[in-house]
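These exercises introduce a protein model one feature at a time. Each begins with a task, and the solution then proceeds in steps.

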Amino acid sequence: MNAYRLLICDDDAILRETLTEQFDAYDEFTVVAVAGAAAAVEAVAEHRIDLAVMDVGLPDMDGREAVRQMRRNGYRGPVVMLTGQDSEEDTVEGLEAGANDYVTKPFKFGILLARIRAHLRSHEASEDAVFQIGPYTFRPGAKLLVGERGSKLKLTEKETAILRFLYRAGREVVGRDTLLAEVWGYNAHVTTHTLETHIYRLRQKIEPNPATAAILVTEAGGYKLLP
């Protein structure tokens with residue numbers, strides 16, 4: 001799968017390693033773990049980081065100042081801050097620095113996981129989310145594909161949902177029934193013909209030669225995206 005790439009920044013080696021192991025147990029995540037603020041600022045600048053988990057009390061810089069630097073450098077992904085201080089002033093300062101959420105130590109992993117998933121879902125629907133699909137930059141929040149030369153292809157809501165789900169599956173084949181359920185909902189009275197019609201129209205937009213699909217391809221039982 002095109003797993004979400006999480007940055008874990010905490011100088012507590014035991015917590016850092018524990019969180020890394022816990023997130024690595026889920027196929028939907030890969031983890032980049034660092035111990036200091038400078039390394040975190042560098043990581044979001046040089047790598048695709050979908051969400052950053054930042055400790056406030058870091059040895060080389062206050063975590064909130066690190067978030068300010070990330071935002072100034074153009075990082076748009078969600079940031080969840082970890083803190084041992086459960087005060088309103090501390091929370092407000094972190095949010096004003098550019099964080100999206102605050103989690104107070106000690107915390108249950110399940111709560112952190114739920115909040116991270118919620119922020120990732122929200123971010124994917126925002127104008128800031130950007131993914132690469134073949135020669136296109138995919139902006140699901142704007143329902144848009146931008147070509148290498150700046151050409152813009154407007155997508156429908158269903159076309160956007162199809163591409164988003166196939167992108168997250170990576171090179172894995174997504175079955176027609178799965179795609180129907182994810183895009184139209186389990187209770188929707190639609191058939192595979194409806195899906196095939198949308199796939200056909202999508203190919204007319206995005207494929208250099210729609211008759212020979214090279215981006216959105218048909219496999220036994222379903223569809224997948226090729227990079």
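**Accessibility of a helix residue**

Decide whether Glu46 is buried or exposed.

Solution. The relative accessibility of Glu46 is 55%, so this residue counts as exposed (buried is under 20% relative accessible area, exposed over 50%, partly exposed in between, with a 1.4 Å probe and protein chains only). Its place is in helix α2, residues 37-46 (helices are DSSP runs of H or I with at least four residues, strands runs of E with at least two, numbered from the N terminus). From Glu46 to Thr178 the C-alpha distance is 35 Å, across 132 residues of sequence.

The model is predicted, so local features require pLDDT of at least 70 and side-chain atom pairs pLDDT 80 or more, while totals for chains, interfaces and linings use all residues. Residues are numbered from 1 along each chain as its sequence is written, and side-chain values rest on heavy atoms, without hydrogens and water.

**Two residues in helices**

Establish where Thr20 and Val183 lie, and which residues they touch.

Solution. Begin with Thr20, which belongs to helix α1, residues 13-24. Its relative accessible area is 17%, so Thr20 is buried. Apart from neighbours within four places in sequence, Thr20 is in contact with Val31 and Ala33 (contact means heavy atoms within 4.5 Å).

Turn next to Val183, in helix α7, residues 176-184. Val183 has 11% relative accessibility and therefore counts as buried. When residues up to four places away are not counted, Val183 touches Lys158, Ala161 and Ile162. His193 is ten residues from Val183 in sequence, and their C-alpha atoms are 14 Å apart.

**Packing of α6 and α8**

Describe how helix α6 (residues 157-168) is oriented against helix α8 (residues 192-206), and name the residues that make the contact.

Solution. First, the geometry: the axes are 10 Å apart and the packing angle is about 85° (axes are lines fitted to C-alpha atoms, for helices over the stretch in contact; angles run from 0 to 180 degrees between N-to-C directions). Therefore α6 is roughly perpendicular to α8 (under 35 degrees is roughly parallel, over 145 roughly antiparallel, 65 to 115 roughly perpendicular, the rest oblique).

Second, the residues: α6 supplies Lys158, Glu159, Ile162 and Leu163, while α8 supplies Leu195, His198, Ile199, Arg201, Leu202 and Lys205. This contact comprises five nonpolar, one polar and four charged residues (Ala, Val, Leu, Ile, Met, Phe, Trp, Tyr, Cys and Pro are nonpolar, Asp, Glu, Lys and Arg charged, and the others, Gly among them, polar).

**Two further helix pairs**

State the orientation of α1 with α5, and then of α3 with α4.

Solution. For α1 and α5, the angle is about 60° and the axes are 12 Å apart. The two helices α1 and α5 are therefore oblique to each other. Leu19, Gln22 and Phe23 of α1 meet Phe109, Leu112, Leu113 and Ile116 of α5. Six residues of this contact are nonpolar, one is polar and none is charged.

For helix α3 (residues 63-72) and helix α4 (residues 88-97), the axes come within 8 Å and cross at roughly 20°. This makes α3 roughly parallel to α4. Arg64, Val67, Arg68 and Arg71 of α3 meet Asp90, Glu93, Gly94 and Ala97 of α4. The contact of α3 with α4 has two nonpolar residues, one polar and five charged.

**Aromatic rings**

Classify the ring pair of Phe131 and Phe138.

Solution. The structure holds seven aromatic pairs (Phe, Tyr and Trp rings, the last by its six-membered ring, pair if their centres lie within 6.5 Å; planes under 30 degrees apart are stacked, over 60 edge-to-face, the rest tilted). The ring centres of Phe131 and Phe138 are 6.2 Å apart and the planes stand at 45°, so the pair is tilted. Phe131 is buried at a relative accessible area of 7%, and Phe138 is buried at 0%. Elsewhere, ring pairs join Tyr4, Phe23, Tyr26, Phe29 and Phe109 in a cluster.

**Backbone angles in loops**

Identify what is notable in the backbone at Pro106 and at Lys143.

Solution. The peptide bond from Lys105 to Pro106 is cis, with omega near -10°. Pro106 sits in the loop between β5 (101-104) and α5 (109-124). Lys143 has a positive phi, near 50°, although this residue is not glycine. The loop that holds Lys143 runs between β7 (136-139) and β8 (144-146). With 31% relative accessibility, Lys143 counts as partly exposed.
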